[in-house]
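Q: Please take a close look at the side-chain pairings in this structure. I would like the ring pairs and the charged pairs, with their geometry and their burial.

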Amino acid sequence: MTVIAVFNQKGGVGKTTTALNLLAGIAQRRQRPLADVAQITASGVVLCPAHLELTKLDTLLGKGVNVVTRLRVALRQPEQASGPVVIDCCPLLGVLSLNAIFACDLLLIPVSADYLALQGAQQVERALHALEPVFKRRLPRRYVLTRFDARRKMSSEVADLMAMAFRSEEICATRIAENVSLAERPARHLDVFRHAPQSRGARDYQELVDELVSAGFIA
């Protein structure tokens with residue numbers, strides 16, 4: 001089972017959009033994990049929804065190593081399905097996000113084409129660096145530029161700053177362009193592949209899936 005966590009400490013950068021459309025792109029490869037505890041969405045993907053009670057976990061459990069590795073242990077039980085899992089994280093570095101980070105084989109960090117999103121991604125990089133003694137390795141990560149518009153100067157500047165801030169091999173070649181179909185998708189309760197399969201958004205997310213497959217993160 002490959003576990004991909006989608007996280008940035010800045011909200012509004014496209015985490016949920018990336019998580020859902022990445023999952024939809026993977027589902028097109030006929031891989032649907034955790035069917036026993038999940039719901040089948042209108043898009044045909046398997047979704048395990050969160051609920052408000054999870055916000056109490058930080059207070060109830062604390063942040064010990066045994067607490068933040070619970071998800072990792074659960075996902076690696078022999079009875080679990082072998083297909084890929086994509087986790088959409090909240091922007092807070094609390095128990096839920098830490099569980100996802102410790103459980104994942106790849107951390108995918110969306111960076112929308114603005115300076116605050118880049119700062120959030122740099123905070124993630126610093127946090128990962130601080131956690132490396134616990135991981136006892138460098139956690140595989142990929143930074144993906146979202147809401148990119150080549151006509152906007154800021155988009156190009158953020159892309160240049162990303163190249164200076166992060167390792168080149170950890171920046172996705174795929175860029176998710178600003179796209180009307182991606183913006184319309186939530187109102188239709190569909191992923192971009194079902195809503196507008198010929199759109200630029202669908203092509204971009206398919207390219208992202210293909211890139212992660214080529215890198216060995218998705219079988």
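A: What follows goes through the aromatic pairs, then one charge over a ring, then the salt bridges, and ends with one leucine.

The model is predicted. Keep that in mind for each distance and angle below.

Start with the rings. A pair of aromatic rings is described by the distance of the centres and the angle of the planes. The count comes to two aromatic pairs. Phe 102 and Phe 135 form a tilted pair, with 4.8 Å from centre to centre and 50° between the planes. The 50° angle falls between the limits of 30 degrees for stacked and 60 for edge-to-face, so the label is tilted. Phe 102 belongs to helix α5, while Phe 135 belongs to helix α6, residues 115-135. The pair therefore ties together parts that are 33 residues apart in sequence. Both Phe 102 and Phe 135 are buried.

Tyr 143 and Phe 166 make a stacked pair, because their ring centres are 3.8 Å apart and their planes are at 5°. Tyr 143 sits in strand β6, residues 141-148. Phe 166 sits in the loop between α7 (153-165) and β7 (171-177). This pair thus ties together parts that are 23 residues apart in sequence. Tyr 143 is buried, and Phe 166 is buried too.

Next, a charge over a ring. The charged end of Arg 175 sits over the ring of Phe 148, at 4.8 Å from the ring centre.

Now the salt bridges. A search of the whole structure finds nine of them. Three are described here, beginning with Asp 105 and Arg 76. Their closest N and O atoms are 3.1 Å apart. Asp 105 is in the loop between α5 and β5 (106-112). Arg 76 is in the loop between α4 (70-75) and β4 (85-88). The bridge ties together parts that are 29 residues apart in sequence. Asp 105 counts as partly exposed, at 25% relative accessibility. Arg 76 is also partly exposed, with a relative accessible area of 33%.

Glu 125 forms a salt bridge with Arg 141, and the closest N and O atoms are 2.8 Å apart. This pair links distant parts of the chain, with Glu 125 in helix α6 and Arg 141 in strand β6, 16 residues apart. Glu 125 and Arg 141 are both buried.

Arg 200 and Asp 204 meet through their side chains in a salt bridge of 2.9 Å, N to O. They are four residues apart in helix α10 (residues 200-214), so about one helical turn separates them. Arg 200 is partly exposed, with a relative accessible area of 40%. Asp 204 is buried, with a relative accessible area of 3%. The 3% value is under the 20% limit, so Asp 204 counts as buried.

Some bridges share partners. Salt bridges of this kind join Glu 125, Glu 132, Arg 138, Arg 141 and Glu 170 into one network.

Last, the leucine. Leu 96 lies in helix α5, residues 95-103. Its relative accessible area is 35%, so Leu 96 is partly exposed. Setting aside residues up to four places away in sequence, Leu 96 touches Leu 54 and Leu 57. Leu 96 and Val 68 are 28 residues apart in sequence, with a C-alpha to C-alpha distance of 7.7 Å.

Technical notes. Residues are numbered from 1 along each chain as its sequence is written. This is a predicted model: local features need pLDDT of at least 70, side-chain atom pairs count only at pLDDT 80 or more; totals for chains, interfaces and linings use all residues. Side-chain values use heavy atoms; hydrogens and water are left out. Helices (H or I, at least four residues) and strands (E, at least two) are DSSP runs, numbered from the N terminus. Buried means under 20% relative accessible area, exposed over 50%, partly exposed in between (1.4 Å probe, protein chains only). Contact means heavy atoms within 4.5 Å. Rings of Phe, Tyr and Trp (its six-membered ring) pair if their centres lie within 6.5 Å; planes under 30 degrees apart count as stacked, over 60 as edge-to-face and the rest as tilted. A charge sits over a ring if NZ of Lys or CZ of Arg is within 6 Å of the ring centre and within 35 degrees of the ring normal. A salt bridge is a side-chain nitrogen of Lys or Arg within 4 Å of a carboxyl oxygen of Asp or Glu.
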